[in-house]
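Okay, thanks for coming, everyone. I'll walk you through one structure today, so have a look at it while I talk.

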Amino acid sequence: MSRHTEDREEAATTGERSPGDTTLVPHSGAEAPPPALPRSAPYATERVGAFEFDLATGACSWSAGFSNLLGFAAEPGSGGWEPLLARVHANDRAALVERVRELLAREGELELDLCIDLPNGEHRWIHARAKSRTDPSGRIARCTGVAFDVTRLEGQKEDLRAKEARLARSERRYRTLVAASSAIVWSMDPEGRFVEPQEQWAAFTGQTWEQYRGTGWLAMIHSDDRARVGQEWAAIVQSRAFGEDEARLCHAASIEWRRVRARAVPLLAADGSIEEWIGTNEDVHERVTAAELVRESEERLRTVLRATNDVVWDWDLRRGELAWSPRYAETFGYPLDELRMSTVECDRRVHPDDRAGLDRSLAAALEGKGEFWAHEYRYRHADGAWRHVQDRGYVKRDEQGRATRMIGALQDVTRARHAEAELRKAELLYRELVHSVKAILWRANPATLDFEFVSKEAERLGYPLEQWLEPGFWIAHLHPDDRDHAVRFCLNATRDGRNHEFEYRFLASDGRTVWLRDVTTVLVEDGAVTELVGILLDVSELKLAEARVCESDARLRAIHEQSSVGFVSTTLDSRILDANPAFCAMLGFQREELVERTIESITHPDDWRGNAERRDALLQHDGTHFHVEKRYLRKDGTALDARVSVVLIRDPRGAPACFVGIVEDIAERKRYERDLQVMNQTLERRVQERTAELQAALRDLESFSYSVSHDLRAPLRSMDGFSHALLAERSHLDAEARDWLGRIRASCTRMSDLIDGLLALARLSRDELEPAPVDLAALARKIVEGLRAAEPARAVEFVVRGELVARADPRLARILLENLLGNAWKFTARREHATIELFTETGASGERVYCVRDDGVGFESNLARRLFQPFERLHTQAEFPGSGIGLATVHRIVRRHGGDVWIEGFPGGGACVLFTLSTVHGEEARPVPDSGANE
């Protein structure tokens, strides 16, 4: 908004204009009345007029053009200040007086737009510029200025704002339609890749943005369809036209493959290039027979029609009844028999926080005189969710003006909220693009080629705007080598009335030479050139790019000639067009000898057929390249192993032009592969030998375990038996002797427990795993019930959070929990009220972590690693009895399940054992009832 417009609006709002306060300076002499304007004179105007105000006399004088601008007689005029001010619209007078006073108070310039009241009641917009002038003594003596008719420009601005408003409405309608569509609506870049999140795609497939960005969306297509869809989609992108395809797509909610039909339409720019692809995915899984196809097509049409319609309602104010269209049931999930209801029932479904505002809005509409009403509020869906709705209605009144009926339409705009945010983002992007256009708009005198107007972008060349308007500026700043040609070309084209475009070099303020492309339009009226308008584009980077392309071509040619990799180009029928020195050296030919041949003639006979089939497939399926390993025939008849990358080159129209092959000598690699094959065979033999040795060692270990189980227990039983006999039969033994014998028996018992623990630990490594779904929560509750039965006096709260189902060996899972929960029960014995918890949490890498936590005695955190070693104990047997292999057993079970286990704690603060169990055989765990088999 310009300064004069802001002043005028503020004045219209505050009413602070003082029409009588228009005196600028005192002056003598009678005021000359404004010249009479005959009623028959047309209010035509010249485009510019001049005026002058004498500070000493207070007199004004103006040109004939200025007389026309203000609606006076078409001749030069003079007089006082008031006749001129009288023609200025009341809203602009105070601003004009204030600005002129400032100009007369100190030397300077003013520039503002004014609205002029013409005698016939019409209005005209002028743009005035004025500058104060001083006398020889340095005092301000007068001001002079010019004015331009800008009425047409103001109309163009209004038209532009109206077009922008229509564009915004169109964009909102598009976003709303996308949000309301039952299909998956998506957009891709010209190459067919997702470059921004697609909410509907993610909701259907369950993919995250990181998974489907780019071409990651192909991963959700059935493996049997993926290659075909990829090829057909590439063909659609290449064709630059509407395309459709059908494939099986994984649906996240139902976890099943759904057949989906995809349609894509290219969105073209003004130059014909593709800006983006717009498309939809429609679920057509239920389509089986031709009759079903027809019915589904008709149903889809009805669905689309319903999706674009609002929920229509009819409110009978006299009866207090409200009737809905069938769309109401579809939109809010209520049964069809609720399409008629009382207003009380409808009011209950409005969000409590919005009810009062809705009532006030409706009351105002019904009590007022208006016909239309609109309001936005939240409405309850049948599933309990709140939906944002936009409601609008038409009020029907009787002859006395009382509202009798109200008919309206309601639209669910919940999903449109996101579309509105995207629209704001698009509008911001549009403004940024507009402001980022690097172009200088200008207007010039056709006779002198002097600029009369330049846009703000001109300052990028370092010159202020006023300097651009100085006489001779453009010609003076042309590059000396381009000056004569540019001026002569522009004058000749202007004389002939031809629009023209040319390039030249221009000197920037910092000494840089800038290439400009000048696109000039010659305006002609009544056969005479009136002015020049145009656009200056900075094409320096383009010129630099052209130079770089030339350099790149030279470098590419040098690479072609000097590369150690072979390059060969052929026609579509396999005739050799060219070959670089490296390819010639590989085969021992001169370039001239190869040009006379075909690729078939220098290819091993056993490899040519496959090579030809790949080339034909590349031509038939619109591909770009393929890789192949083949054998060439050297000039001396020997074979050369090579890896060839064949690229299909197309002309600007997209038609195949030739093939280019990139050839790499892989003879050395082939030798390595043969050697590696021999090494692999040797390695396999050694693995078999080591496996046999390992099996023998396992048999020895089993024999040792048997010896431990039988040979060590016999002495222990003997020691325990004789100790018991002494205690039972020798009553004369003193207390000290009996204490010693008791200790011997206790040590025998502990030794037997240690042997049992070692054998159990050894068996954990040998037994075969039988994985199955195990409900750890149910299993833990049974174990805790057993612990409570053994010690009913203890007060221990056992907490299980969530359903804990894991896939594991049921027997080992029970041993795992028995050891963990038994430890927690044991080390909380000193607490009057203890708590043991079993729950899961998510690890740093997203894995599931199982946790058993207690509030017992705890331990020093630096000793955590020792606790998983056999017989490692932090407490004496007297404090907390045990064998010392419980956590070692836990560690062995977790590792056998492919997981990890660790422990956290601190003295007096309890302990928490955490472990993971990997999925066995790639199957997900399913909850099953706990049974005796799992025990």
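Before the first stop, one term: two strands count as paired if DSSP finds at least two bridges between them. And please keep in mind that what you're looking at is a predicted model.

With that, let's start with strand S31, residues 848–854, and strand S33, residues 911–915: they pair in the antiparallel sense over five bridges. If you want a spot to click on, Arg853 stands opposite Cys912 in S33.

Now zoom out a bit. Those strands belong to an open sheet of five, in the order S28-S30-S31-S33-S32, and the pairing is mixed. Which strands stand at the edges? They're strand S28 (795–800) and strand S32 (901–905), and each has a single partner strand, so one side of each is left without a neighbour in the sheet. Going from one strand to the next, the twist averages 15 degrees. There's also a helix here: helix H24, residues 776–790, lies across S28, strand S30 (833–842) and S31, and it runs at about 175 degrees to S28.

Okay, over to another set of strands. Strand S1 (residues 48–54) and strand S6 (residues 140–149) are antiparallel too, paired over seven bridges. There, Phe51 stands opposite Gly145 in S6. S6 is also joined by nine bridges to strand S5, residues 123–134, and again the two run antiparallel. In that pairing Arg129 stands opposite Val146 in S6. S5 and S6 make a hairpin with five residues between the strands, and Gly138 takes a positive phi near 95 degrees in it.

While we're in S6, let's talk cysteines. How many disulfides does the structure hold? Zero. Take Cys143: its sulfur is 7.6 Å from the closest cysteine sulfur, which is in Cys60, and the cut-off for a disulfide is within 2.5 Å. So that's too far for a bond. Is Cys143 buried or exposed? Buried, with a relative accessible area of 5%. Cys584 counts as buried as well, at 7% relative accessibility.

Next up, the aromatics. Searching the whole structure turns up 28 aromatic pairs. Here's one of them: Tyr463 and Phe473 have ring centres 5.2 Å apart and planes at 85 degrees, so that pair is edge-to-face. Tyr463 is in the loop between strand S18 (451–454) and helix H14 (465–468), while Phe473 is in helix H15 (residues 473–476), so the pair ties together parts that are ten residues apart in sequence. Both Tyr463 and Phe473 are buried.

Right next in the sequence, Trp474 pairs edge-to-face with Tyr504, at 5.7 Å centre to centre and 80 degrees between the planes. Trp474 sits in helix H15 and Tyr504 in strand S19 (residues 500–507), so here the parts tied together are 30 residues apart in sequence. Trp474 is buried, and so is Tyr504.

What else do Tyr463 and Phe473 belong to? They form one aromatic cluster with Trp442, Phe451, Trp468 and Phe506.

Last stop: charges over rings. Lys543 lies over the face of Trp515, at 4.7 Å from the ring centre. Arg615 does this with Phe659, lying over the face at 4.3 Å from the ring centre.

That's my tour, so over to you for questions.

Key
Residues numbered from 1 in each chain as written. Predicted model: local features only at pLDDT ≥ 70, side-chain atom pairs only at ≥ 80, totals over all residues. Heavy atoms only, no water. Phe/Tyr/Trp six-rings, centres within 6.5 Å; stacked < 30°, edge-to-face > 60°. Helix = DSSP H or I, 4+ residues; strand = E, 2+ residues; numbered from the N terminus. Buried < 20%, exposed > 50% of the residue type's maximum accessible area, 1.4 Å probe, protein only. Lys NZ or Arg CZ within 6 Å of the ring centre and 35° of its normal. Axes fitted to C-alpha atoms, helices over the stretch in contact; angles between N-to-C directions. Contact = heavy atoms within 4.5 Å.
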